[in-house]
Amino acid sequence: MKVNKRKLGREKAYGLAHQDDNLIEIDPRIKGRLQLEIYIHEALHLLYPKLSESQVLKDSKKVTTMLWKEGYRKIEK
């Protein structure tokens, strides 16, 4: 998986998954727990393209909650 960071205001999204390119796009303006959730959410779309949006939402929230409780955070460079 590749990750590209760009502002997604026009798309009205925090993140996008492009199956054909194995690419995730993330809006760099989001931070913290929401950013973690969006990375997981878009990765799930690439890994399991047949999952419904509602299932991806549900699963990404579950994984984010577990990782956040375990103290996973992004370290800014």
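Glu 25 is buried, with a relative accessible area of 6%; buried denotes under 20% relative accessible area, exposed over 50%, and partly exposed the range in between, for a 1.4 Å probe and protein chains only. The model is predicted, and local features therefore require pLDDT of at least 70, side-chain atom pairs count only at pLDDT 80 or more, and totals for chains, interfaces and linings use all residues. Residues are numbered from 1 along each chain as its sequence is written, and side-chain values use heavy atoms, with hydrogens and water left out.

Glu 25 belongs to strand E3, where helices (H or I, at least four residues) and strands (E, at least two) are DSSP runs numbered from the N terminus. Within E3, Leu 23 and Glu 25 point one way, Ile 24 and Ile 26 point the other way, and all are buried. Strand pairing was assigned where DSSP finds at least two bridges between two strands. By this criterion, strand E1 (residues 2-5) runs parallel to E3 and is joined to E3 by 4 bridges. Strand E2 pairs with E3 in the antiparallel sense, also over 4 bridges. Ile 24 of E3 is the bridge partner of Val 3 and is likewise the bridge partner of Ala 17. Glu 25 of E3 is the bridge partner of Leu 16. E2 and E3 form a hairpin with 4 residues between them, and Asn 22 in the turn has a positive phi of about 50°.

Salt bridges were assigned where a side-chain nitrogen of Lys or Arg lies within 4 Å of a carboxyl oxygen of Asp or Glu. This rule yields 4 salt bridges. In one of them, Arg 6 is bound to Glu 25, the closest N and O atoms being 2.5 Å apart. Arg 6 lies in the loop between E1 and E2 and Glu 25 in strand E3, so the pair ties together parts that are 19 residues apart in sequence. Whereas Glu 25 is buried, Arg 6 is partly exposed, with a relative accessible area of 31%.

A salt bridge is also formed by Arg 29 and Asp 27, with 2.6 Å between the closest N and O atoms. Arg 29 counts as partly exposed at 48% relative accessibility, while Asp 27 is buried, with a relative accessible area of 3%. Asp 27 is placed in the loop between E3 and H1. Contacts were defined by heavy atoms within 4.5 Å. Residues up to four places away in sequence not being counted, Asp 27 touches Arg 6, Lys 7, Leu 8, Gly 9, Ala 13 and Tyr 14. The C-alpha atoms of Asp 27 and Leu 16 are separated by 9.0 Å, these residues being 11 apart along the chain.

The side chains of Lys 61 and Glu 37 meet in a further salt bridge, at 3.2 Å from N to O. This pair links distant parts of the chain, with Lys 61 in helix H2 and Glu 37 in helix H1, 24 residues apart. Lys 61 counts as partly exposed at 44% relative accessibility, whereas Glu 37 is buried, with a relative accessible area of 14%. Salt bridges that share partners join Arg 6, Glu 11 and Glu 25 into one network.

Helix H1 comprises 16 residues (residues 32-47). The expected span of a helix is 1.5 Å times one less than its number of residues. For H1 this span is 22 Å, and the end C-alpha atoms are 23 Å apart, which agrees. The buried residues of H1 are Gln 35, Glu 37, Ile 38, Ile 40, His 41, Glu 42, Ala 43, Leu 44, His 45 and Leu 46. The cover over these residues includes strand E2 (15-18), strand E3 (23-26) and helix H2 (53-69). Gln 35, found in helix H1, is buried with a relative accessible area of 6%. Its contacts, not counting residues up to four places away in sequence, are with Ile 30 and Lys 74.

Leu 47 also lies in helix H1. Together with Met 1 and Tyr 48, Leu 47 forms a nonpolar patch on the surface, with about 340 Å² of accessible area together. Patches consist of residues with over 30% relative accessible area and no salt bridge, like charges being joined within 9 Å and nonpolar side chains (Val, Leu, Ile, Met, Phe, Trp, Tyr) within 5 Å. Accessible areas come from the Shrake-Rupley method with a 1.4 Å probe; for residues, only the protein chains shown count as cover.
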